[in-house]
Amino acid sequence: MPEGAKIMRFLITGARGQLAEEFQRFLKDEEVIAFTKEMLDISDADAIASAVSSISPDIILNCAAYNFVDKAEDDFDTSVKINADGVKNLAIASKKYNALLVHYSTDYVFDGMQECLYAEADKTNPINNYGKSKLMGEMFLKSETENYLLFRVSWVFGEGKQNFLYKLSEWAEENRLLKIVCDQISTPTYTEDIVKYTVLAINKGVRGTYHLTNSGYASRYEVSKYYLSKLGWNGLALPVSSNYFSTPAKRPYFSAMSNKKLSDELGVKMPHWTDGIDRFLERIK
(Lines give C-alpha, C1' and ligand atoms only; values in the text may rest on other atoms or scores of the structure.)
Protein backbone atom coordinates (compact mmCIF):
# COMPACT_ATOMS: atom_id res chain seq x y z
CA MET A 1 0.00 0.00 0.00
CA PRO A 2 1.36 3.48 -0.89
CA GLU A 3 2.57 5.53 2.09
CA GLY A 4 -0.19 7.73 3.46
CA ALA A 5 -2.98 5.87 1.62
CA LYS A 6 -6.20 5.42 3.53
CA ILE A 7 -6.94 1.87 4.67
CA MET A 8 -10.33 0.89 3.31
CA ARG A 9 -12.83 -1.19 5.23
CA PHE A 10 -14.37 -4.04 3.26
CA LEU A 11 -17.41 -6.12 4.16
CA ILE A 12 -17.40 -9.40 2.23
CA THR A 13 -20.35 -11.79 1.98
CA GLY A 14 -20.12 -15.46 1.03
CA ALA A 15 -16.73 -15.74 2.73
CA ARG A 16 -16.09 -19.40 1.91
CA GLY A 17 -16.62 -19.06 -1.85
CA GLN A 18 -13.70 -19.10 -4.27
CA LEU A 19 -14.06 -15.42 -5.17
CA ALA A 20 -14.42 -14.23 -1.58
CA GLU A 21 -11.37 -16.23 -0.51
CA GLU A 22 -9.36 -14.70 -3.36
CA PHE A 23 -10.36 -11.23 -2.16
CA GLN A 24 -9.30 -12.05 1.39
CA ARG A 25 -5.85 -13.09 0.14
CA PHE A 26 -5.50 -9.99 -2.05
CA LEU A 27 -6.74 -7.43 0.48
CA LYS A 28 -4.33 -8.36 3.25
CA ASP A 29 -3.31 -4.70 3.72
CA GLU A 30 -6.90 -3.51 4.06
CA GLU A 31 -9.43 -3.93 6.86
CA VAL A 32 -11.60 -6.90 5.88
CA ILE A 33 -14.62 -8.30 7.68
CA ALA A 34 -15.81 -11.45 5.90
CA PHE A 35 -19.05 -13.26 6.67
CA THR A 36 -20.05 -16.80 5.77
CA LYS A 37 -23.69 -17.53 4.97
CA GLU A 38 -24.11 -18.94 8.49
CA MET A 39 -22.80 -15.70 9.96
CA LEU A 40 -24.74 -13.35 7.67
CA ASP A 41 -27.64 -14.41 5.45
CA ILE A 42 -28.05 -11.71 2.79
CA SER A 43 -31.72 -12.63 2.37
CA ASP A 44 -32.31 -11.37 5.94
CA ALA A 45 -32.88 -7.63 5.52
CA ASP A 46 -32.65 -6.86 9.23
CA ALA A 47 -29.38 -8.78 9.61
CA ILE A 48 -27.88 -6.95 6.64
CA ALA A 49 -28.94 -3.55 7.94
CA SER A 50 -27.50 -4.33 11.38
CA ALA A 51 -24.17 -5.58 9.99
CA VAL A 52 -23.66 -2.64 7.64
CA SER A 53 -24.69 -0.17 10.35
CA SER A 54 -22.25 -1.57 12.92
CA ILE A 55 -19.30 -2.09 10.56
CA SER A 56 -19.68 1.07 8.42
CA PRO A 57 -17.74 -0.37 5.46
CA ASP A 58 -16.38 1.73 2.63
CA ILE A 59 -16.94 -1.17 0.23
CA ILE A 60 -19.36 -4.10 0.27
CA LEU A 61 -18.20 -7.01 -1.89
CA ASN A 62 -21.16 -9.30 -2.51
CA CYS A 63 -19.65 -12.72 -3.19
CA ALA A 64 -22.72 -14.56 -1.88
CA ALA A 65 -24.78 -16.27 -4.57
CA TYR A 66 -26.95 -19.26 -5.36
CA ASN A 67 -24.90 -20.84 -8.15
CA PHE A 68 -26.66 -24.18 -8.56
CA VAL A 69 -27.85 -23.73 -12.13
CA ASP A 70 -29.74 -27.02 -12.41
CA LYS A 71 -31.20 -26.95 -8.88
CA ALA A 72 -32.63 -23.50 -9.55
CA GLU A 73 -35.08 -25.03 -12.03
CA ASP A 74 -36.91 -26.75 -9.14
CA ASP A 75 -35.92 -24.32 -6.40
CA PHE A 76 -36.48 -20.95 -8.01
CA ASP A 77 -37.69 -19.41 -4.75
CA THR A 78 -34.34 -20.04 -3.05
CA SER A 79 -32.35 -18.69 -5.99
CA VAL A 80 -34.50 -15.53 -5.99
CA LYS A 81 -34.17 -15.18 -2.24
CA ILE A 82 -30.37 -15.02 -2.51
CA ASN A 83 -29.64 -13.75 -6.02
CA ALA A 84 -32.35 -11.09 -6.12
CA ASP A 85 -33.80 -10.28 -2.69
CA GLY A 86 -30.37 -10.52 -1.07
CA VAL A 87 -28.96 -8.02 -3.54
CA LYS A 88 -31.85 -5.67 -2.87
CA ASN A 89 -31.16 -5.85 0.87
CA LEU A 90 -27.49 -5.06 0.33
CA ALA A 91 -28.30 -2.21 -2.05
CA ILE A 92 -30.71 -0.58 0.41
CA ALA A 93 -28.20 -0.85 3.26
CA SER A 94 -25.27 0.35 1.15
CA LYS A 95 -27.18 3.47 0.12
CA LYS A 96 -28.33 4.21 3.68
CA TYR A 97 -24.84 3.89 5.12
CA ASN A 98 -22.95 5.39 2.15
CA ALA A 99 -21.00 2.32 1.01
CA LEU A 100 -20.05 1.27 -2.50
CA LEU A 101 -21.72 -2.03 -3.39
CA VAL A 102 -19.80 -4.35 -5.72
CA HIS A 103 -21.95 -7.16 -7.09
CA TYR A 104 -21.30 -10.02 -9.51
CA SER A 105 -23.74 -11.27 -12.12
CA THR A 106 -23.38 -13.73 -14.99
CA ASP A 107 -23.28 -14.28 -18.73
CA TYR A 108 -26.38 -16.43 -18.21
CA VAL A 109 -28.52 -13.28 -18.27
CA PHE A 110 -28.17 -13.63 -22.07
CA ASP A 111 -29.92 -16.23 -24.25
CA GLY A 112 -26.83 -17.12 -26.30
CA MET A 113 -28.45 -16.44 -29.67
CA GLN A 114 -26.37 -13.39 -30.58
CA GLU A 115 -23.66 -13.98 -33.18
CA CYS A 116 -21.02 -11.74 -31.63
CA LEU A 117 -19.57 -10.97 -28.20
CA TYR A 118 -22.15 -9.55 -25.81
CA ALA A 119 -21.71 -5.91 -24.82
CA GLU A 120 -23.11 -4.40 -21.63
CA ALA A 121 -26.01 -2.69 -23.45
CA ASP A 122 -27.16 -5.81 -25.34
CA LYS A 123 -30.60 -7.19 -24.62
CA THR A 124 -30.85 -9.64 -21.72
CA ASN A 125 -33.05 -12.71 -22.06
CA PRO A 126 -32.15 -15.53 -19.64
CA ILE A 127 -33.23 -19.05 -20.63
CA ASN A 128 -32.96 -20.68 -17.20
CA ASN A 129 -34.14 -19.84 -13.69
CA TYR A 130 -30.64 -19.18 -12.42
CA GLY A 131 -30.15 -16.51 -15.10
CA LYS A 132 -33.57 -15.05 -14.32
CA SER A 133 -32.76 -14.75 -10.62
CA LYS A 134 -29.43 -13.06 -11.39
CA LEU A 135 -31.10 -10.60 -13.75
CA MET A 136 -33.64 -9.76 -11.05
CA GLY A 137 -30.70 -9.03 -8.77
CA GLU A 138 -29.24 -6.64 -11.35
CA MET A 139 -32.56 -4.81 -11.61
CA PHE A 140 -32.94 -4.49 -7.83
CA LEU A 141 -29.39 -3.19 -7.54
CA LYS A 142 -29.93 -0.45 -10.11
CA SER A 143 -33.29 0.57 -8.66
CA GLU A 144 -32.02 0.94 -5.08
CA THR A 145 -28.66 2.69 -5.43
CA GLU A 146 -26.48 4.57 -7.90
CA ASN A 147 -23.27 3.86 -6.00
CA TYR A 148 -22.51 0.42 -7.39
CA LEU A 149 -20.21 -1.65 -9.54
CA LEU A 150 -21.97 -4.48 -11.34
CA PHE A 151 -19.64 -6.99 -12.93
CA ARG A 152 -20.91 -9.78 -15.16
CA VAL A 153 -18.49 -12.70 -15.05
CA SER A 154 -18.41 -16.09 -16.76
CA TRP A 155 -17.16 -19.63 -16.06
CA VAL A 156 -15.29 -18.51 -12.94
CA PHE A 157 -12.46 -20.73 -11.74
CA GLY A 158 -9.96 -20.51 -8.90
CA GLU A 159 -9.02 -22.25 -5.69
CA GLY A 160 -12.31 -23.89 -4.81
CA LYS A 161 -14.57 -26.82 -5.58
CA GLN A 162 -17.53 -25.04 -7.15
CA ASN A 163 -16.12 -24.65 -10.65
CA PHE A 164 -15.78 -26.57 -13.90
CA LEU A 165 -12.00 -27.12 -13.72
CA TYR A 166 -12.21 -28.71 -10.28
CA LYS A 167 -14.93 -31.07 -11.48
CA LEU A 168 -12.91 -31.80 -14.62
CA SER A 169 -9.88 -32.73 -12.51
CA GLU A 170 -12.01 -35.16 -10.51
CA TRP A 171 -13.46 -36.75 -13.63
CA ALA A 172 -10.00 -37.10 -15.18
CA GLU A 173 -8.67 -38.89 -12.10
CA GLU A 174 -11.41 -41.49 -12.30
CA ASN A 175 -11.86 -41.93 -16.06
CA ARG A 176 -9.76 -42.49 -19.18
CA LEU A 177 -12.65 -41.41 -21.41
CA LEU A 178 -14.48 -38.12 -20.96
CA LYS A 179 -17.35 -36.74 -23.00
CA ILE A 180 -17.50 -32.94 -22.92
CA VAL A 181 -20.10 -30.63 -24.44
CA CYS A 182 -18.88 -28.67 -27.43
CA ASP A 183 -21.90 -26.42 -28.00
CA GLN A 184 -21.66 -24.22 -24.92
CA ILE A 185 -19.25 -21.35 -25.58
CA SER A 186 -18.11 -18.60 -23.22
CA THR A 187 -14.97 -17.37 -21.47
CA PRO A 188 -13.26 -19.05 -18.49
CA THR A 189 -12.33 -16.31 -16.03
CA TYR A 190 -9.74 -16.58 -13.27
CA THR A 191 -10.63 -15.33 -9.78
CA GLU A 192 -7.19 -13.69 -9.50
CA ASP A 193 -8.04 -11.46 -12.45
CA ILE A 194 -11.57 -10.70 -11.23
CA VAL A 195 -10.15 -9.53 -7.91
CA LYS A 196 -7.27 -7.55 -9.43
CA TYR A 197 -9.46 -5.60 -11.84
CA THR A 198 -12.27 -5.13 -9.34
CA VAL A 199 -9.86 -3.43 -6.95
CA LEU A 200 -8.38 -1.34 -9.77
CA ALA A 201 -11.89 -0.22 -10.76
CA ILE A 202 -12.66 0.70 -7.14
CA ASN A 203 -9.44 2.70 -6.84
CA LYS A 204 -10.19 4.54 -10.09
CA GLY A 205 -13.69 5.46 -8.93
CA VAL A 206 -15.43 3.51 -11.69
CA ARG A 207 -19.19 3.00 -11.37
CA GLY A 208 -21.81 1.17 -13.42
CA THR A 209 -22.18 -2.12 -15.29
CA TYR A 210 -19.21 -3.91 -16.85
CA HIS A 211 -18.23 -7.29 -18.22
CA LEU A 212 -15.24 -8.57 -16.27
CA THR A 213 -13.89 -11.63 -18.07
CA ASN A 214 -10.62 -12.90 -19.39
CA SER A 215 -10.17 -12.40 -23.13
CA GLY A 216 -11.04 -14.87 -25.89
CA TYR A 217 -13.71 -17.55 -25.82
CA ALA A 218 -13.95 -21.31 -26.12
CA SER A 219 -16.31 -24.24 -25.82
CA ARG A 220 -16.36 -26.44 -22.74
CA TYR A 221 -14.64 -29.06 -24.88
CA GLU A 222 -11.86 -26.72 -25.98
CA VAL A 223 -11.27 -25.57 -22.42
CA SER A 224 -11.14 -29.18 -21.26
CA LYS A 225 -8.64 -30.18 -23.94
CA TYR A 226 -6.36 -27.29 -23.01
CA TYR A 227 -6.59 -27.88 -19.27
CA LEU A 228 -6.17 -31.65 -19.45
CA SER A 229 -3.16 -31.36 -21.75
CA LYS A 230 -1.53 -29.06 -19.18
CA LEU A 231 -2.21 -31.68 -16.50
CA GLY A 232 -0.53 -34.34 -18.63
CA TRP A 233 -3.69 -36.44 -18.73
CA ASN A 234 -3.40 -39.09 -21.47
CA GLY A 235 -7.02 -40.20 -21.72
CA LEU A 236 -9.50 -39.56 -24.53
CA ALA A 237 -11.80 -36.51 -24.54
CA LEU A 238 -14.68 -36.59 -26.98
CA PRO A 239 -16.93 -33.68 -27.99
CA VAL A 240 -20.68 -34.19 -27.58
CA SER A 241 -23.73 -31.95 -27.87
CA SER A 242 -25.59 -30.64 -24.85
CA ASN A 243 -28.45 -32.97 -25.73
CA TYR A 244 -26.20 -35.91 -24.84
CA PHE A 245 -26.63 -35.00 -21.17
CA SER A 246 -30.06 -34.61 -19.65
CA THR A 247 -29.86 -31.51 -17.43
CA PRO A 248 -32.81 -29.63 -15.94
CA ALA A 249 -31.53 -26.20 -16.98
CA LYS A 250 -30.82 -25.05 -20.53
CA ARG A 251 -27.48 -23.34 -21.11
CA PRO A 252 -26.91 -20.61 -23.71
CA TYR A 253 -25.01 -21.65 -26.83
CA PHE A 254 -22.74 -18.58 -27.15
CA SER A 255 -22.64 -16.30 -24.10
CA ALA A 256 -19.09 -14.92 -24.36
CA MET A 257 -18.93 -11.26 -23.36
CA SER A 258 -16.76 -8.39 -24.55
CA ASN A 259 -14.52 -6.88 -21.88
CA LYS A 260 -13.66 -3.86 -24.06
CA LYS A 261 -15.65 -1.32 -22.04
CA LEU A 262 -13.87 -2.18 -18.80
CA SER A 263 -10.47 -2.59 -20.48
CA ASP A 264 -10.77 0.89 -21.98
CA GLU A 265 -11.98 2.38 -18.68
CA LEU A 266 -9.05 0.89 -16.76
CA GLY A 267 -6.45 1.29 -19.52
CA VAL A 268 -5.50 -2.39 -19.43
CA LYS A 269 -5.50 -5.44 -21.64
CA MET A 270 -7.30 -8.36 -20.02
CA PRO A 271 -5.27 -11.60 -20.03
CA HIS A 272 -6.42 -14.42 -22.31
CA TRP A 273 -8.25 -17.31 -20.64
CA THR A 274 -5.38 -19.68 -21.46
CA ASP A 275 -3.02 -17.37 -19.57
CA GLY A 276 -5.39 -17.50 -16.61
CA ILE A 277 -5.38 -21.30 -16.62
CA ASP A 278 -1.58 -21.38 -16.90
CA ARG A 279 -1.20 -19.12 -13.84
CA PHE A 280 -3.81 -21.09 -11.91
CA LEU A 281 -2.02 -24.37 -12.55
CA GLU A 282 1.32 -22.83 -11.60
CA ARG A 283 -0.17 -21.66 -8.32
CA ILE A 284 -1.72 -24.96 -7.28
CA LYS A 285 1.31 -27.14 -8.13
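Trainee: How do the residues lining the largest cavity divide into nonpolar, polar and charged?
Mentor: Seven are nonpolar, none is polar and one is charged. This is a predicted model, in which local features need pLDDT of at least 70, side-chain atom pairs count only at pLDDT 80 or more, and totals for chains, interfaces and linings use all residues. Residues are numbered from 1 along each chain as its sequence is written, and side-chain values use heavy atoms, with hydrogens and water left out.

Trainee: What makes a residue of the lining count as charged?
Mentor: Asp, Glu, Lys and Arg count as charged. The lining consists of Trp-155, Val-156, Phe-157, Phe-164, Leu-165, Pro-188, Arg-220 and Val-223; Arg-220 is therefore the charged residue. Strand S6 (156–157), helix H5 (164–174) and helix H7 (220–231) each give two or more residues to this lining.

Trainee: Why is this space called a cavity?
Mentor: On a 1 Å grid over the protein atoms alone, a cavity is a set of points where a 1.4 Å probe fits but cannot get out, and its lining residues have an atom within 4 Å of a point. The search of the whole structure finds one cavity of 30 Å³ or more, and the largest cavity holds about 50 Å³ of space.

Trainee: How do you know that strands S1 and S2 pair?
Mentor: Two strands pair if DSSP finds at least two bridges between them. Four bridges join S1 (residues 9–13) to S2 (residues 31–34), so the condition is met. The two strands run parallel, and Leu-11 stands opposite Ile-33 in S2.

Trainee: What makes the crossover from S1 to S2 right-handed?
Mentor: With the strands pointing away from the viewer, the path from the first strand over the helix to the second runs clockwise. Here the chain passes from S1 through helix H1 (residues 18–26) to S2, and this β-α-β crossover is right-handed.

Trainee: Why are S2 and strand S10 said to stand at the edges?
Mentor: The open sheet has six strands in the order S2-S1-S3-S4-S5-S10, with parallel pairing. S2 and S10 (208–211) each have a single partner strand, so one side of each lacks a neighbour in the sheet. Within the sheet, four bridges join S3 (residues 59–62) to S4 (residues 100–106), and Ile-60 has Leu-101 in S4 as its bridge partner.

Terms used:
1 Å grid on protein atoms, 1.4 Å probe; cavity = no way out; pocket = protein on both sides within 12 Å on 5 of 7 lines; lining within 4 Å. Points joined across faces, edges and corners; volume = space filled by probe spheres on them.
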